[in-house]
Amino acid sequence: DLDNYVTAVTNDARIYMPLSELVDINKERERLNREITKAEVEVQKTESKLANTQFTDKAPPAVVQAERDKLEKHKALLTNLQESLKQMHNI
């Protein structure tokens with residue numbers, strides 16, 4: 001099972017190295033948890049801003065759309081971070 005290995009390939013060789021030897025798994029989990037917390041805060045802030053009718057009614061449509069785009073990017077980042085953390089638990 002090579003799921004927990006990083007592969008380096010050259011013309012003459014293929015090297016398999018355990019991921020745990022390249023990365024401190026516990027520190028990486030801590031980092032991912034910090035990044036998840038930051039992303040969650042950004043999602044909440046942007047959702048609150050978009051839920052505020054004073055903002056959405058008065059801001060130019062391009063500004064409102066920029067906030068919607070920002071929200072989607074934060075949600076995508078959050079999903080990716082959560083998936084990375086989930087994969088780290090399998091190591």
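Biologist: Is Thr46 buried or exposed in this chain?

Modeller: A good habit is to look at the relative accessible area of the residue. This is a predicted model, and in it Thr46 has a relative accessible area of 2%. Buried means under 20%, so Thr46 counts as buried.

Biologist: Where along the chain should I look for Thr46?

Modeller: Look in helix α2, which covers residues 25–51.

Biologist: Which residues is Thr46 in contact with, once the neighbours within four places in sequence are left aside?

Modeller: Setting those neighbours aside helps you see what comes from other parts of the sequence. For Thr46, the list is Glu67, Lys70, Leu71 and His74.

Biologist: And what does the side chain of Thr46 reach?

Modeller: Find the backbone oxygen of Glu42: the side chain of Thr46 reaches that atom at 2.8 Å.

Biologist: Let me try another residue. Is Val64 buried or exposed?

Modeller: Read it in the same manner as before. The relative accessible area of Val64 is 5%, so Val64 is buried. You will find Val64 in helix α4, residues 61–89.

Biologist: Which residues does Val64 touch, not counting those up to four places away in sequence?

Modeller: Val64 touches Leu50, Phe55, Thr56 and Ala59. You can also ask about separation in space: the C-alpha atoms of Val64 and Glu21 are 46 Å apart, and these two residues lie 43 residues apart along the chain.

Biologist: Now for the whole chain. How many helices and strands does the chain have?

Modeller: Count each kind, then read the order. The chain has 4 helices and 2 strands, and the order along the sequence is β-β-α-α-α-α. The radius of gyration is 20 Å, well over the 12 Å that the globule rule gives for 91 residues, so the chain is more spread out than a compact globule. Along the principal axes, the C-alpha atoms fill a box of roughly 60 × 30 × 15 Å.

Biologist: What percentage of the 91 residues is buried?

Modeller: Buried residues make up 20% of them. As for the surface, the accessible area of the chain is about 7000 Å², and carbon and sulfur atoms account for 49% of that.

Biologist: How many positive and negative side chains are there?

Modeller: Count each set, then compare where their centres lie. Here there are 14 positive and 16 negative side chains, with the two centres 7 Å apart.

Biologist: One more: what share of the contacts with a separation of 6 or more comes from residues 24 or more positions apart?

Modeller: That share is 54% in this chain.

Methods. Residues are numbered from 1 along each chain as its sequence is written. This is a predicted model: local features need pLDDT of at least 70, side-chain atom pairs count only at pLDDT 80 or more; totals for chains, interfaces and linings use all residues. Side-chain values use heavy atoms; hydrogens and water are left out. The radius of gyration is taken over C-alpha atoms; the globule rule is 2.2 Å times the number of residues to the power 0.38. Buried means under 20% relative accessible area, exposed over 50%, partly exposed in between (1.4 Å probe, protein chains only). Contact means heavy atoms within 4.5 Å. Accessible areas come from the Shrake-Rupley method with a 1.4 Å probe; for residues, only the protein chains shown count as cover. Lys and Arg count as positive and Asp and Glu as negative; His and the chain ends are not counted. The place of a charge is taken as NZ of Lys, CZ of Arg, CG of Asp or CD of Glu. A polar contact is a pair of N or O atoms within 3.5 Å; within protein, one must be able to donate a hydrogen and the other to accept it, and residues adjacent in sequence count only if both atoms are side-chain atoms.
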